[in-house]
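Colleague: Could you take me through this model step by step, explaining each term as we come to it?

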Amino acid sequence: WNVFSQACDSVSLDNINNPGPYAYQTIVENDGMRDGPDYSGATLYYPVDIDGPFSSLVLVPGFVSPETTVSAWGPYLASHGIIVMTIGTNTFTDLPLDRANALLDAVQTLQEENNRDGSPVFQQIDESKIAVGGHSMGGGGAQIAATMDSSLKSVISFNPWIQSWLVDYDYLNHSVPHLIISGQDDTTASVNEHANIHYDYTPDSTPKAIYEIENGNHSGGRFPSTANNYVGKIVLSWLNYFGNNNNCYYPLLLEYPEQASVYQNNLESFSF
């Protein structure tokens, strides 16, 4: 325990900076990446000057929103050593189930990119450590994707929106660790009708947490800099613990973050 504690001495929420310590670069479909049929357009952000293989996160935007609305997460997480792939949707009005299919199609692209000769991330992606996430309807889609593919490492739902009838069809019942970022004053996807339902209907046997940003609106989850960078700090800690199996980040997930009107989790019921 003493050795472990010393190894984690530098790991704290205060020490997580924006940006992180690594440079990053990007590629798009014109650079040779697969063009998946269930989404439209993609950008891959990857760290440089550091050896992989890396864990990764695929992100899809919300209703009537382009890929760029979730792009702030690419540079942030890549600068902390996590590959990010942002995608667009085939139509701006795709529903959560469509966005779930888009995410899983993009996971296939990520896996193929890991094995494509000439790719800058050739053999640099750990295919066993892929997470999915999204904003608004994309967050609802990420939840559904977890019910369709239990091999995903985690799910991150930013200001998630879900159709109420989907709850009755068990679309929130999965075992993939689930982090929710919500906004107290979200008028597009109110927390009582959306984010809290996501949390409550995710089984208690699944590791889960919800960070409701005090006075937060529907856009708060789109940016790691929200709440004095604490949205980014919590998301990175979640991905490092559940995606990279780095136990140093577990205590950080138990801390009550800044500017939280609600922070709830069931993590202490799981073995550390």
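The questions and answers below go through the model one feature at a time.

Colleague: What kind of model is this, and which pLDDT do local features need?

Modeller: Residues are numbered from 1 along each chain as its sequence is written, and side-chain values use heavy atoms, with hydrogens and water left out. This is a predicted model in which totals for chains, interfaces and linings use all residues, whereas side-chain atom pairs count only at pLDDT 80 or more and local features need a pLDDT of at least 70.

Colleague: Which residue forms a disulfide with C8?

Modeller: A disulfide is taken here as a pair of cysteine sulfur atoms within 2.5 Å, and by this rule the count comes to one. The two sulfur atoms of that pair are 1.9 Å apart, and the partner of C8 is C248.

Colleague: Why is the disulfide of C8 and C248 called left-handed or right-handed, and how many residues apart in sequence are the parts that it ties together?

Modeller: The torsion about the S-S bond of C8 and C248 is about -70°, so the disulfide is left-handed. Helices (H or I, at least four residues) and strands (E, at least two) are DSSP runs, numbered from the N terminus. C8 lies in the loop between α1 (2–7) and β1 (24–28), while C248 lies in the loop between α7 (230–243) and α8 (250–254), so the parts tied together are apart in sequence by 240 residues.

Colleague: Which element gives the most residues to the largest nonpolar core?

Modeller: A nonpolar core is a set of buried Ala, Val, Leu, Ile, Met, Phe, Trp, Tyr and Cys residues joined through side-chain atoms within 4.5 Å, where buried means under 20% relative accessible area, exposed over 50% and partly exposed in between, with a 1.4 Å probe and protein chains only. The largest such core has 40 residues, and those with the most contacts inside it are L77, Y211 and V235. Several elements supply at least two residues each, including β3 (54–60), α2 (73–78) and β8 (208–213). With nine residues, the element that gives the most is α7.

Colleague: How many of the eleven residues of strand β5 are buried, and with how many bridges does β5 pair with β6?

Modeller: Strand β5 (residues 125–135) is largely enclosed by the rest of the structure, because nine of its eleven residues are buried. Two strands pair if DSSP finds at least two bridges between them, and six bridges join β5 to β3, which run parallel. In β6 the bridge partner of H135 is F158, and β5 and β6 pair in the parallel sense over a number of bridges that comes to four.

Colleague: Which helix joins β5 and β6 in making a β-α-β unit?

Modeller: A crossover is right-handed if, with the strands pointing away from the viewer, the path from the first strand over the helix to the second runs clockwise. The unit made with β5 and β6 is right-handed, and its helix, residues 137–148, is α4.

Colleague: Which side chain has a polar contact with that of Q143?

Modeller: Q143 lies in helix α4 and counts as buried, at 0% relative accessibility. A polar contact is a pair of N or O atoms within 3.5 Å; within protein, one must be able to donate a hydrogen and the other to accept it, and residues adjacent in sequence count only if both atoms are side-chain atoms. At 3.3 Å, the side chain joined to Q143 in this way is that of H198.

Colleague: Is S136, with its positive phi, buried or exposed?

Modeller: S136 is a residue other than glycine, yet its phi is near 60°, and its place is the loop between β5 and α4. With a relative accessible area of 5%, S136 is buried.

Colleague: Which residue's backbone oxygen does the side chain of W73 reach?

Modeller: W73 is found in helix α2 and counts as buried at 1% relative accessibility. Contact means heavy atoms within 4.5 Å, and, leaving aside neighbours within four places in sequence, the residues in contact with W73 include L59, F158 and V235. At 3.0 Å, the backbone oxygen reached by the W73 side chain is that of G221.
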